[in-house]
Amino acid sequence: MNEILFSSWGDQITDNRNSAKQSSGTNSQIALPEKFNQDATIKAFIGWDGIVLRSDDVNIVDLCRAYMAAVRDQSCGKCIPCQSGTNVMAATLDKICRGDGTAADVENLGAVAQVVSSSAKCGIGKTGPVALMHALAHFPEAFQAAVHGGTQVEAGDYQANVTAPCADACPIHLDIPRYVEFIKEGKFEESLDVIRCRLPIPGIVGRVCVRPCEENCRRANLDDAVSIKYLKRFVADRELAMHKGPDYKIEPSGKTGKVAIVGAGPAGVTCAFHLARKGHAVTIFEGLGEPGGMSAMGIPDYRLPRHILRNEVEQVQAMGVTIHYNTAVGRDVKLSQLEEDYDAVFIGIGAQDSSPMRVDGEDKGYKGFIPGVQYLRDINEGRDPYPEGKRVVVIGGGNVAIDCVRCAFRIDKEDVNLVYRRTRAEMPADEVEIVDAEEEKVQFHFLTTPVRIIEENGVVTGLECIRMKLGAPDKSGRRRPVPIEGSEFVFDCDTVVPAIGQRVDLSLLESVDGVETTAWNTLIVDDVTKQTSRPKLFSAGDCETGPGALITACAGGRKAAQSIDLQINGLPLEYTVDDHFRKLFKDVKVYDPDENLGEIGKHRRKHLEMLPPDTRKFIFDEVEQGYSTPEAREEARRCLRCYRVAMVAL
Ligand SMILES: Cc1cc2nc3c(=O)[nH]c(=O)nc-3n(C[C@H](O)[C@H](O)[C@H](O)COP(=O)(O)OP(=O)(O)OC[C@H]3O[C@@H](n4cnc5c(N)ncnc54)[C@H](O)[C@@H]3O)c2cc1C
Ligand code: SF4
Ligand code: SF4
């Protein structure tokens with residue numbers, strides 16, 4: 001079944017229809033999995049780039065009929081050739097499959113497909129007819145048979161889905177082309193509504209998202225990726241500036257219940273939002289006195305002002321969600337108690353502990369030795385964690401390390417250093433953040449690693465380091481740093497801040513048995529349903545994935561809420577068609593970074609205004625200034641609306 005009978009994917013033709021079956025007639029242009037789900041095998045795949053046929057019991061004409069109907073349903077109707085053309089093609093194919101078609105209909109199909117594909121303005125119209133054109137060119141006999149047979153073609157079993165390269169890459173799969181288009185049209189509230197279908201914190205995410213969507217934006221193949229993240233921030237900020245807020249409609253599920261959430265971080269808040277929208281009674285237990293988790297306690301104000309965060313959490317509370325602050329589960333209330341008292345419990349406790357560096361002296365409690373997450377939490381709460389210290393060394397290459405060095409300047413430290421064991425090219429931190437830190441004159445020390453903390457009378461006075469060189473690549477593909485013997489040297493410093501990673505504190509599990517965890521101390525959950533090995537317990541966010549990204553935590557919280565809602569309603573936690581397509585899209589790849597769009601872009605991305613480095617580095621004011629309305633609309637105009645319709649025959 002894995003053999004390919006015919007493929008036109010990516011303009012490469014593989015045709016095994018008349019040849020002896022080949023061992024594994026693969027087509028290098030597409031990696032199509034054998035199965036769509038546990039029970040169903042993929043007999044054919046049809047989409048934006050052609051057709052892949054595996055079984056001769058798929059009727060190609062009927063496949064085109066079903067596909068074109070799906071394309072027609074996605075046409076927004078704004079360009080006339082697409083609106084009427086997809087209608088005509090869908091209706092004609094329907095007529096042919098009913099046994100009422102003529103040879104002229106087939107000819108007409110080809111002509112209409114050409115016109116729509118060449119004149120449409122967006123991805124639906126441009127790519128929708130491509131597969132039909134391939135079918136007409138390579139299966140003329142099937143169309144002839146359908147129009148001359150005069151009999152009805154039997155309808156197959158299909159599933160269709162729509163995506164876009166950017167939306168596929170966004171962990172929570174926001175309908176990006178749609179919300180961007182609303183901005184272009186000046187319909188800002190509608191744009192926010194699209195975002196809030198899935199994500200209740202657009203102002204937060206619109207500032208700090210790591211934006212995998214932009215790395216998968218086709219506009220980059222012309223000039224620059226669309227500024228998807230900042231457009232989200234724009235609509236959220238605009239609403240706030242107008243003293244407005246969302247008007248969430250609660251649409252209660254058939255049966256509603258009581259749900260406890262542990263942790264008011266992005267995962268917990270998003271889970272609470274989706275449950276509250278379904279009418280469930282939600283109570284969050286939060287160990288700290290503030291909501292937001294690491295977005296409040298880790299991310300500094302100059303990247304994410306506190307009032308933005310509080311405002312968006314308050315909007316979720318206004319839906320009836322209760323938050324008990326300063327209530328740590330495990331310490332103040334037992335998890336087993338919550339499991340007994342509630343219909344379901346969501347665990348979104350994040351990764352709060354700093355990972356050890358395995359360096360001499362780090363466990364001795366020296367004054368001036370402060371783990372990165374603790375350092376940032378103190379600063380975010382308005383305290384200098386070590387006022388006597390002036391010369392700071394931060395160890396690490398990720399975003400947390402960068403936040404630590406940039407914050408150090410803002411609490412008046414004079415000498416701020418970052419030590420990283422690899423080179424700048426291997427730093428996992430966001431490039432934009434690295435550049436900002438460079439502009440603020442942080443001193444970077446690459447290929448350097450700490451060996452020992454030096455102290456006098458329990459107070460840090462220096463950090464012994466050793467120089468490194470890059471050796472053979474490790475499992476991650478990055479070249480492994482190797483110490484250069486005899487290259488040890490001492491940094492004179494009074495503050496050492498390790499920021500090399502975080503760990504999950506799972507002590508809250510002590511009161512329950514049988515919750516499976518990994519060797520890395522994260523919770524094991526089903527990938528899609530987010531259910532743990534105990535049926536009433538669900539989990540997502542950093543405590544599931546390990547330290548990750550805010551939007552991944554939100555996406556996990558949303559999926560868990562969907563599962564909890566099903567469970568309360570006595571329904572099985574099955575994967576949806578959408579879930580299966582997400583998996584399929586990972587294999588077939590929605591974005592091709594090498595795609596040649598055939599022209600050179602003339603409209604580069606509009607960058608945000610920033611506070612100048614010399615001013616901003618000493619204050620906590622937000623560095624990036626948002627778009628003005630004309631700028632946002634101009635930026636939104638750059639979107640190519642690259643929707644893609646995909647369908648499988650099962
Ligand atoms: C310094 C720093 C900078 C970052 N910058 C970015 C960035 O720019 N972009 C990005 O996408 N991501 C960033 N991240 C990562 C991002 O913040 C996290 O991935 C995200 O916050 C994870 O969300 P979460 O809800 O899973 O956990 P968290 O945000 O950690 O929230 C967990 C919450 O649970 C509470 N909690 C823990 N244990 C208990 C308990 N037993 N009982 C009750 N409550 C408990 C905690 O107090 C916390 O409020 C950054 C992280 C850090 C540390
Ligand atoms: S949430 Fe992040 S990944 Fe998703 S669209 Fe927004 S910026 Fe992109
Ligand atoms: S151009 Fe628009 S639709 Fe296309 S990938 Fe970029 S943001 Fe998405």
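This note walks through the domains, the two ligand shells and one helix pair of a predicted model.

1. **Domain layout.** The assignment splits the protein chain into domain 1 (6-161), domain 2 (258-352 + 504-568) and domain 3 (355-503). Domain 2 is written as two segments, 258-352 and 504-568. Domain 3 covers 355-503.

2. **Domain 2 against domain 3.** The C-alpha centres of these two domains lie 30 Å apart. In the contact, 11 residues of domain 2 meet 13 residues of domain 3. What classes of residue does domain 2 present to domain 3? The side of domain 2 that touches domain 3 has 8 nonpolar and 3 polar residues. It has no charged residues.

3. **Where ligand 1 sits.** Domain 2 and domain 3 both give residues to the shell around ligand 1, so the ligand lies between them. The shell counts 39 residues. Gly263, Gly265, Gly293, Gly350 and Gly541 are the closest.

4. **What builds the ligand 1 shell.** Five helices each supply at least two residues. They are H13 (266-277), H14 (294-297), H17 (372-380), H18 (399-410) and H21 (550-568). By class, the shell has 22 nonpolar, 14 polar and 3 charged residues.

5. **Helices H13 and H21.** Both of these helices contribute to the ligand 1 shell, and they also pack on each other. Their axes are 7 Å apart, at an angle of about 35°. The crossing is right-handed. On the H13 side, the residues in contact are Pro266, Ala267, Gly268, Thr270, Cys271, His274 and Leu275. Their partners in H21 include Leu550, Ala553, Cys554, Gly556, Gly557 and Arg558. Further along H21, Ala560, Ala561, Gln562, Ile564 and Asp565 also take part. Sorted by class, this contact has 10 nonpolar, 6 polar and 2 charged residues.

6. **Ligand 2.** Which residues are closest to ligand 2? They are Cys170, Cys209, Arg211, Cys213 and Lys229, from a shell of 13 residues. Helix H11 (212-215) and helix H12 (228-241) each supply at least two residues of this shell. H12 gives the largest share, with 3 residues.

7. **Chemistry of the ligand 2 shell.** Here the classes are 10 nonpolar and 3 charged, with no polar residues. The ligand 1 shell, in contrast, includes 14 polar residues. Each of the two shells has 3 charged residues.

Note on methods. Residues are numbered from 1 along each chain as its sequence is written. Chains are lettered from A and ligands numbered from 1 in the order in which they are written. This is a predicted model: local features need pLDDT of at least 70, side-chain atom pairs count only at pLDDT 80 or more; totals for chains, interfaces and linings use all residues. A residue is near a molecule or strand if its C-beta atom, placed from the backbone, lies within 6 Å of it. Helices (H or I, at least four residues) and strands (E, at least two) are DSSP runs, numbered from the N terminus. Ala, Val, Leu, Ile, Met, Phe, Trp, Tyr, Cys and Pro count as nonpolar, Asp, Glu, Lys and Arg as charged, and the others, Gly among them, as polar. Domain bounds come from an automatic or database domain assignment. Axes are lines fitted to C-alpha atoms, for helices over the stretch in contact, and angles run from 0 to 180 degrees between N-to-C directions. A crossing is left-handed if the near helix is turned anticlockwise from the far one by less than a right angle, and right-handed if clockwise. Two residues are in contact if their C-beta atoms, placed from the backbone, lie within 7 Å.
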